[in-house]
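Grab the model and a pencil, and work through these exercises one at a time. Each solution goes step by step.

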Amino acid sequence: MKIALIKGDGIGVDVAEAAMAVMEAALRRTGQPQPVYDTIYAGAGYFSDTGSDIEPDGEARAETADAIFLGAIGLPAIRHADGTEISPHLRLRDRFGLYAGVRPVKAYPNAPQRLADPRAAGIDLVILRESTEGLFYSAAVHNRSLVVNDEEVQDVLRITRKTTTKLHDFAFRLARKRRERGRPGSLTCVDKANVFTSLAFFRQLFDEVKGTFPDVPVGYNYVDAMALDLVRKPWEFDVLVMENMFGDILSDLAGGLVGGMGMAACGEIGDNTGLFQPAHGSAPDIMGQDKANPLAAILSAALMLDYLAEKMDRPALADAANLINTAVDDGFEDNMLRPMEFGGEMGTRAVTSELLTRVSGSQSSRTAAGA
């Protein structure tokens with residue numbers, strides 16, 4: 001199992017190392033060989049030192065890996081001349097066709113919940129964000145914006161049949177898989193089909209794919225109404241599929257409902273490879289201070305193992321992913337995961353140590369403490 005490892009900037013280094021340590025423990029516990037890493041330097045820090053945002057052969061090396069793991073990219077003080085961020089990961093999405101951006105949103109016991117309604121404790125949904133087209137098709141890193149003159153700039157929102165059909169097929173299969181795992185397995189198409197021709201096309205393609213999956217319950221919501229419903233009744237939704245920019249915004253909103261971006265795992269999956277990363281930023285103000293919450297990265301590593309189990313036909317990798325997810329669930333249930341992000345006293349190392357203990361099958365900290 002070869003992993004292209006891009007630790008990136010800021011706390012990306014801290015959380016990537018934590019995630020790989022927990023993943024390695026889960027692999028040992030399930031009798032699987034350890035991964036082979038190809039560490040690739042990329043990000044704003046690398047750009048500052050070299051003038052390039054990724055190693056010269058970095059993209060080609062990433063393509064040879066079974067999966068890519070990314071810590072975080074970007075530093076506020078280091079930008080291109082036009083003010084845009086250093087974003088090689090957006091180019092990786094485009095190059096490898098990573099169209100399916102999987103953003104799980106789950107409430108954990110004893111973690112902060114921003115909604116007073118007790119039903120918020122049951123939030124467990126997935127935002128599926130198309131990751132290569134939509135409005136991000138014109139992201140600065142791709143150099144596709146229409147710069148008319150110094151008075152006007154236009155960006156293009158692109159929806160294609162090929163990519164969007166694959167996205168919707170992925171969405172229906174994901175909903176079906178979640179139903180098999182005990183979730184409702186419903187799918188909601190989120191768009192703005194009442195205003196934009198491109199998004200009416202997005203919905204049209206959804207309806208075309210829908211006929212292949214008659215067992216999956218479906219619904220529709222305009223993106224503005226969806227933002228409202230994520231605050232009013234997020235527990236009523238399971239899988240939400242949407243355009244790129246909509247997914248970028250709503251996944252952060254949803255992450256805020258279950259504690260914050262420190263819990264925001266992410267997988268970006270294409271036909272041939274997948275890139276996995278915490279959805280949070282690089283937070284350089286706390287880099288190296290043992291303050292970062294590594295759980296989004298650790299949960300992203302579990303997503304990666306689940307993906308590789310199917311890609312490589314190795315079910316034991318899914319068992320390793322389940323070990324990690326269960327350790328996080330039980331750690332919160334036992335009140336033994338108290339990240340500083342949530343007002344607790346546990347930094348990166350302490351959270352990682354607790355999960356290593358649980359994943360490895362050693363005596364839990366709760367039991368050892370006589371709790």
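**Exercise 1.** Find out where Asp-313 sits and whether Asp-313 is buried or exposed.

*Solution.* Start with the accessibility: Asp-313 has a relative accessible area of 64%. The cut-offs are under 20% for buried, over 50% for exposed and partly exposed in between, with a 1.4 Å probe and protein chains only. Asp-313 is therefore exposed. Next, the place: Asp-313 lies in the loop between α9 and α10 (315-333). Helices here are DSSP runs of H or I with at least four residues, strands are runs of E with at least two, and both are numbered from the N terminus. Last, the backbone: Asp-313 is not a glycine, yet its phi is positive, about 55 degrees.

Two notes on the ground rules before going on. This is a predicted model, where local features need pLDDT of at least 70 and side-chain atom pairs count only at pLDDT 80 or more, while totals for chains, interfaces and linings use all residues. Residues are numbered from 1 along each chain as its sequence is written, and side-chain values use heavy atoms, with hydrogens and water left out.

**Exercise 2.** Look up the phi of Asp-290 and name the loop that holds Asp-290.

*Solution.* Phi of Asp-290 is positive, near 60 degrees, and the residue is something other than glycine. As for the loop, Asp-290 falls between β12 (274-278) and α9 (295-311).

**Exercise 3.** Check the length of α10, then work out which helices its buried residues pack against.

*Solution.* First the length. The expected span of a helix is 1.5 Å times one less than its number of residues. With 19 residues, α10 reaches 27 Å from its first C-alpha to its last, close to the 27 Å expected. Now list the buried residues of α10: Ala-316, Leu-317, Ala-320, Ala-321, Ile-324, Ala-327, Val-328, Gly-331 and Phe-332. It helps to recall that an α-helix has 3.6 residues a turn, so residues three or four places apart point the same way. The buried residues of α10 pack against α1, α9 and α11. Contact, by the way, means heavy atoms within 4.5 Å. Finally, step past the end of α10 and you meet Asn-335, with a positive phi near 60 degrees.

**Exercise 4.** Describe how α1 and α11 pack: what is the angle, and which residues meet?

*Solution.* Two packed helices are described by the angle between their axes and the distance between the axes. For helix α1 (residues 11-29) and helix α11 (residues 348-360), the axes come within 9 Å and cross at roughly 10 degrees. Axes are lines fitted to C-alpha atoms, for helices over the stretch in contact, with angles from 0 to 180 degrees between N-to-C directions. Angles under 35 degrees count as roughly parallel, over 145 as roughly antiparallel, 65 to 115 as roughly perpendicular and the rest as oblique, so α1 and α11 are roughly parallel to each other.

On the α1 side, the contact takes in Asp-14, Ala-18, Ala-21, Val-22, Ala-25, Ala-26 and Arg-29; they meet Thr-348, Thr-352, Leu-355, Leu-356, Arg-358, Val-359 and Ser-360 of α11.

**Exercise 5.** Follow α11 to its end and say whether Gly-361 is buried, exposed or partly exposed.

*Solution.* Within α11, the buried residues are Thr-348, Val-351, Thr-352, Glu-354, Leu-355, Thr-357, Arg-358 and Val-359. Just after α11 comes Gly-361, with a positive phi of about 85 degrees. Gly-361 belongs to the loop between α11 and α12 (365-368). Its relative accessibility is 44%, so Gly-361 counts as partly exposed. Measure across to Gly-331 and you get 13 Å from C-alpha to C-alpha, for a separation of 30 residues in sequence.

**Exercise 6.** Find how many disulfides the whole structure has, and explain why.

*Solution.* A disulfide is a pair of cysteine sulfur atoms within 2.5 Å. Searching the whole structure turns up zero. Take Cys-189: the closest cysteine sulfur is in Cys-266, 20 Å away, so the pair is too far apart for a bond. Cys-189 is buried, at 0% relative accessibility, and Cys-266 is buried with 0% too.

**Exercise 7.** Place Val-239 and list its contacts.

*Solution.* Val-239 is in strand β10 (residues 239-242) and is buried at 0% relative accessibility. Leaving aside neighbours within four places in sequence, its contacts are Val-126, Ala-171, Leu-174, Ala-175, Arg-178, Ser-186, Leu-187 and Thr-188.
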